[in-house]
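Trainee: I have a model open and would like to read it with you. Can we take it one step at a time?

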Amino acid sequence: MLATALWGGVEVRQTINLLQVLNNQLVEGILTKLSQKHLDDFETFWKARLQCSTQEDQFWNWELKNRVYLSEAIYEGYAIECEGITQGLMLLATGGHRSRFEPDRRIVYVHSLATAPWNRPSLQAPITYRLVGSVMLRFAQYRSEELGYGGLVGLHALQEAEAFYQRMNMINCGADEAKENLTYFEWYKRRESVFDELGHLEPGFTHCWRSRNGVQTRRGRTEGISPD
């Protein structure tokens with residue numbers, strides 16, 4: 001792992017794989033913290049093409065999102081780069097949201113997720129890269145694990161993106177009247193015990209729980225992300 005950006009003292013610059021569609025080959029990209037370079041790429045390469053489209057996020061303003069949300073400690077911004085150009089953008093909330101299935105459990109909430117226009121089948125055929133969205137979403141799940149939330153992730157989906165989240169095996173919780181009837185999706189899994197989410201507290205922390213086979217032990221660890 002290469003590292004340049006920080007969350008909570010931990011550096012973030014993760015090498016990931018994307019599928020280059022034209023050659024049907026995996027190529028290396030970088031997932032890193034959102035920076036001015038990514039916002040500039042949005043303005044230069046994304047914005048005009050999206051505003052000329054009928055995409056539901058055609059008027060999203062990532063510069064504004066950066067100013068409004070990333071000044072707050074609970075928000076984190078990320079981007080994927082490949083061949084020097086921003087391929088995807090994501091805004092996460094690491095506080096203030098709870099699971100629909102177990103309201104006492106915290107989740108990582110995906111506030112916004114977008115891929116570059118040339119990576120969208122509805123705008124270009126063939127697209128340039130696949131796996132951008134899935135890699136970012138898996139990273140949100142990784143952050144949830146890292147924070148001790150057990151991998152729980154939630155989001156409200158734009159209608160044209162619902163099929164993608166269903167393919168990612170997120171649970172469709174139905175329309176949310178409080179969010180303009182957008183469909184709420186969640187990655188949920190039952191925890192084995194209350195101790196299952198405590199392993200993040202200390203590197204090397206070992207906890208155990210009782211199962212049908214007796215006592216099992218597990219050592220807390222950090223795992224990288226990988227595309228589906």
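What follows is a set of short questions and answers on this predicted model.

Trainee: How many helices and strands are in the protein?

Mentor: This is a predicted model, so the count describes the prediction. The protein has four helices and 12 strands.

Trainee: What is the mean pLDDT of the protein?

Mentor: Confidence varies along the chain. Residues reaching 70 or more make up 79%. Residues 1–6 stay under 50, and residues 200–228 are below 50. Over the whole protein, the mean pLDDT is 85.

Trainee: How many contacts does the model have for residues 1–6 beyond four places in sequence?

Mentor: Read this stretch with its pLDDT under 50 in mind. The contacts are in the model all the same, and they number 19.

Trainee: What percentage of the residues count as buried?

Mentor: Buried means under 20% relative accessible area. The protein has 228 residues. Its accessible surface comes to about 12300 Å², with 48% belonging to carbon and sulfur atoms. The buried share of the residues is 45%.

Trainee: Among contacts between residues at least 6 apart in sequence, what percentage join residues at least 24 apart?

Mentor: Take the contacts in the protein between residues at least 6 apart in sequence. Then keep those that join residues at least 24 apart. The share is 59%.

Trainee: Is helix 3 largely enclosed or not, and how many of its residues are buried?

Mentor: Helix 3 covers residues 132–146 and reaches 21 Å from its first C-alpha to its last, close to the 21 Å expected. Its buried residues include V132, L137, F139 and the charged-letter entry R143. Helix 3 is largely enclosed by the rest of the structure, because its buried residues number 11 of 15.

Trainee: Which residue just after helix 3 takes a positive phi?

Mentor: Look just past the end of helix 3. Phi there is about 85°. The residue is G148.

Trainee: Which helix gives the most to the largest nonpolar core?

Mentor: The largest nonpolar core has 34 residues. Those with the most contacts inside it are L18, M90, V110, L137, Y165 and M170. L137 is also among the buried residues of helix 3. The top contributor, with seven residues, is helix 3.

Trainee: How many residues are in the other core?

Mentor: This core lies apart from the largest one. L34, A79, L89 and Y184 are among its residues. Its size is 18 residues.

Trainee: In which sense do strand 6 and strand 8 pair?

Mentor: Seven of the eight residues of strand 6 are buried, so this strand is largely enclosed by the rest of the structure. With strand 5 it pairs in the antiparallel sense over six bridges, and M90 stands opposite L113. With strand 8 there are three bridges, and V108 stands opposite V153. That second pairing is parallel.

Trainee: Which residue of helix 3 touched by V110 is also among those with the most contacts inside the largest core?

Mentor: V110 touches M90, L91, L92, L137, A140, V153, G154 and L155, leaving out residues up to four places away. L137 and A140 are both buried residues of helix 3. The list of those with the most contacts inside the core includes L137.

Trainee: Where is the cis peptide bond that has omega of about -5°?

Mentor: Most peptide bonds are trans. This one is cis, with omega of about -5°. P126 is found in the loop between strand 6 and strand 7. The bond joins A125 and P126.

Trainee: What is the relative accessible area of E83?

Mentor: Phi of E83 is near 55°, positive in a residue other than glycine. E83 lies in the loop between strand 4 and strand 5. E83 is exposed, with a relative accessible area of 63%.

Trainee: Is N24 buried or exposed?

Mentor: N24 is found in the loop between strand 2 and strand 3. Its phi is near 55°, again a positive value. The relative accessible area is 61%, and exposed means over 50%. N24 is exposed.

Trainee: How far apart in space are G174 and Y184, C-alpha to C-alpha?

Mentor: G174 lies in strand 9 and is partly exposed, at 23%. Its contacts beyond four places in sequence are L182, T183 and Y184. G174 and Y184 are 10 residues apart in sequence. In space, the distance is 5.9 Å.

Conventions
Residues numbered from 1 in each chain as written. Predicted model: local features only at pLDDT ≥ 70, side-chain atom pairs only at ≥ 80, totals over all residues. Heavy atoms only, no water. Helix = DSSP H or I, 4+ residues; strand = E, 2+ residues; numbered from the N terminus. Expected span 1.5 Å × (residues − 1). Buried < 20%, exposed > 50% of the residue type's maximum accessible area, 1.4 Å probe, protein only. Contact = heavy atoms within 4.5 Å. Areas by Shrake-Rupley, 256 points an atom, 1.4 Å probe, with all protein chains shown as cover. pLDDT = per-residue confidence, 0-100. Pairing = 2+ DSSP bridges. Core = buried A, V, L, I, M, F, W, Y, C linked by side-chain atoms within 4.5 Å.
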